[in-house]
Amino acid sequence: MRRIVATLLLLALVGQSAAQTTFQLGGETRATFGVAVDGTLPVASAGLTLRVSGDVGSGVLPDASYEAELVARYDAATGSADVHLGKAFATVYLGDTDLIVGQQIAFWGTTDAVNPEDVLNPRDLSYPAADPSEQRIPTPMIRAIVHDRADGVKLDFVLVPVFRASEPPAARWQPAAAAGDLQLPAGVVIVGQASTLDEVPAAELGNVQFGARATLDLGVLSGGEASLAYVHGIRTTPTVSAQLVPTQTPGQVLLQPVLSYDRYDLVGADASVATDWAVFRGEAAYTFTHDPAGTDPAIGNPGFQAVLEVEHTFDSGASGTLEGIVEHTNADQGQDNAVTAVSALATIHYEASARLTAEAAWLHDFSDGSGMLRPRMTYTFADGVRGEADLAVFYGRDGSRYGAWRDNSQLRLSLVYAF
Amino acid sequence: MPRHPLLSFLAALVVIAGLPCALAQKYSTADQVMDAVDARPVPADLVSTMTMTITAKSGQSLTRSMDIWSAGDGDRQVIKFTAPADIKGSGFLSITMPDGATQSMIYLPALDRTRRIAGSQKQEAFFGSDFSYEDISDLQSGTRKDYVSELLKVEPGPVYVVQSTPKAGAETSYQKLVLEIPEATLLPRRIEFYRNGALLKVMTIGETTKVGDYVLPSELRMETVARGSSTTIRQSDFAVDKAIPDEVFSERFLRR
């Protein structure tokens with residue numbers, strides 16, 4: 001009898017909850033085909049994303065919301081296929097606080113394309129030239145956003161319980177392996193390469209990452225805000241070093257690449273101000289690693305990245321941005337190998353009609369004279385159906401930042417249906 | 001068949017009797033007309049759904065659906081797209097501050113970020129339509145406070161043809177507007193938008209809906225003259241004076 005009553009109570013609760021829950025199905029199919037200047041086909045993929053989302057509660061301000069995605073993808077060019085969970089999170093609205101739990105993307109920063117503060121999510125770097133916003137990989141997080149509307153303050157707290165590394169660049173984008181500065185003892189020779197040692201941080205309390213960001217509404221001109229951010233984290237892209245592994249034959253060793261993930265503390269600041277003429281954005285971050293003196297080759301050195309951007313819309317309706325980017329990595333102890341790079345990124349965006357959008361981006365690294373050109377066109381065939389043509393052209397001398405990718409210059413064509 | 005003389009006389013009488021009514025006008029200056037437009041009852045806040053049909057010169061069209069919340073005579077406005085799927089969840093927030101400056105931002109769910117819009121960006125097309133962000137921001141406003149008006153002529157109806165030019169420092173990209181305002185509704189039925197000395201766009205109000213004491217435009221059509229394209233907005237499911245919570249007009253709600 002008790003079981004029947006309990007079952008009835010449960011059904012009643014489920015029924016009540018279902019009555020207040022909205023439920024929507026959607027998704028996207030995407031087919032992409034690419035050809036590189038060296039005649040290879042870097043991508044020939046088909047993908048499907050299924051999405052369920054909805055609200056819990058009634059009225060214009062629901063009590064909670066949820067979203068979950070299932071992503072399937074097959075690439076005939078590389079033979080890779082996978083099915084995985086994309087975003088999968090729930091948001092509970094508790095007064096002035098949004099509590100978001102689950103696999104999600106948390107973007108911090110204000111500038112376009114280059115975001116020194118955007119470090120919370122790992123990235124899919126298999127195609128390093130992809131739009132940075134499309135590279136973020138949803139990762140499990142607990143996030144609380146506190147809105148104090150009266151004072152114009154927003155506080156954002158993030159906890160990342162389990163580390164996840166970024167997807168490495170595909171083989172054609174990786175630099176050639178080298179022994180680097182390894183000092184070989186006399187009489188010792190490298191006879192081969194051992195399998196890579198990937199020191200992915202384990203799921204343990206000491207590897208929990210966290211961060212906080214405070215944003216203040218400046219209430220100036222046509223709107224503006226400023227933020228301060230702090231992150232205690234682990235770099236999702238590895239620092240690559242190498243070690244020698246002895247073989248059974250004396251004097252012969254194997255070279256073993258080692259992928260280690262640096263612990264760091266990041267302090268960042270960003271601001272944006274809109275005026276009648278333009279929107280100005282700025283973002284900077286300094287990263288402290290656990291090797292401040294630059295003595296351990298397995299740990300990356302501290303450094304900073306800063307971006308200044310201006311965005312303006314011309315009378316023709318086209319809008320453009322211009323960014324200046326400075327990156328600096330401190331030198332190893334006793335070495336003169338500090339790296340400073342100064343780059344500029346210019347973009348233009350024009351909606352020729354409701355269907356046709358043309359964009360172009362030019363990134364140039366003044367430090368080594370290399371760069372990238374990215375013209376892109378999007379055409380909407382019908383509601384939810386669009387085609388994309390995306391050209392990436394790299395230039396620069398051998399060994400330069402983008403010149404190393406000259407042979408990877410490529411055209412990608414996609415057909416996307418969102419439903 | 002010859003018309004009966006009495007019928008002809010009665011018809012003439014009706015026409016003559018009607019003439020003074022048609023020619024009589026309540027207002028003799030543009031300020032009087034615009035004051036009357038301002039005095040027209042407007043809801044304290046408004047919720048509605050919109051369907052936007054964007055039609056190219058070739059006749060091909062795209063459709064967008066959205067929900068809109070508006071308060072304070074259009075001074076605060078939120079729009080959230082509900083279809084098609086590739087722009088669903090995108091939103092637009094516009095707030096006119098006490099000093100007259102307008103703060104606008106858009107939310108793009110694909111990027112998971114909000115972007116502020118500068119004054120110069122407000123003339124950009126609103127999600128590919130013939131309406132600009134500026135037009136959309138002003139859509140629910142009862143009148144254009146930033147303009148000086150001049151009565152050009154009075155057409156039969158009477159319909160007042162008023163030219164409005166922006167005051168110095170006004171937040172608008174237009175050089176002048178020419179409005180046709182029927183005395184019967186005091187709701188502009190046609191607005192011409194001029195920039196750089198040329199007629200840029202024409203907006204017409206096709207249909208209106210009476211909700212309580214309010215007459216609200218339910219069909220608006222914006223045509224871009226040079227391009228030959230047009231966008232028609234149909235508003236429905238009106239809900240007025242529902243005391244929309246302040247929280248709705250916030251970045252938080254935009255992302256929600």
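**Exercise 1. Describe the contact between chain A and chain B in this predicted model, beginning with how many residues each chain gives.**

Solution. The contact draws 33 residues from chain A and 31 residues from chain B. On the side of chain B that touches chain A, the elements that give two or more residues are strand 2 (61-71), strand 5 (102-108) and strand 6 (113-117) of chain B. Of these, strand 6 of chain B supplies the largest share, three residues. Sorted by class, that side of chain B holds 13 nonpolar, eleven polar and seven charged residues.

**Exercise 2. Characterise the fold of chain B by its helices and strands, by its burial and by the sequence separation of its contacts.**

Solution. Begin with the secondary structure, where chain B has four helices and 13 strands. Turn next to burial, for which 36% of the 256 residues of chain B count as buried. Finally, consider the contacts in chain B between residues at least 6 apart in sequence, among which 43% join residues at least 24 apart.

**Exercise 3. Locate A:S367 in chain A, and decide whether A:S367 is buried, partly exposed or exposed.**

Solution. A:S367 sits in the loop that runs between strand 19 (356-365) and strand 20 (370-382) of chain A. Within 10 Å there are 14 other C-beta atoms; since a buried residue needs 20 or more and an exposed one has 12 or fewer, A:S367 is therefore partly exposed. Once its neighbours within four places in sequence are left aside, A:S367 is in contact with A:T340, A:A341 and A:V342. In the other direction along the chain, A:R401 is 34 residues away from A:S367, and their C-alpha atoms are separated by 9.3 Å.

Methods. Residues numbered from 1 in each chain as written. Chains lettered and ligands numbered in written order. Predicted model: local features only at pLDDT ≥ 70, side-chain atom pairs only at ≥ 80, totals over all residues. Contact = placed C-beta atoms within 7 Å. Nonpolar A, V, L, I, M, F, W, Y, C, P; charged D, E, K, R; others polar.
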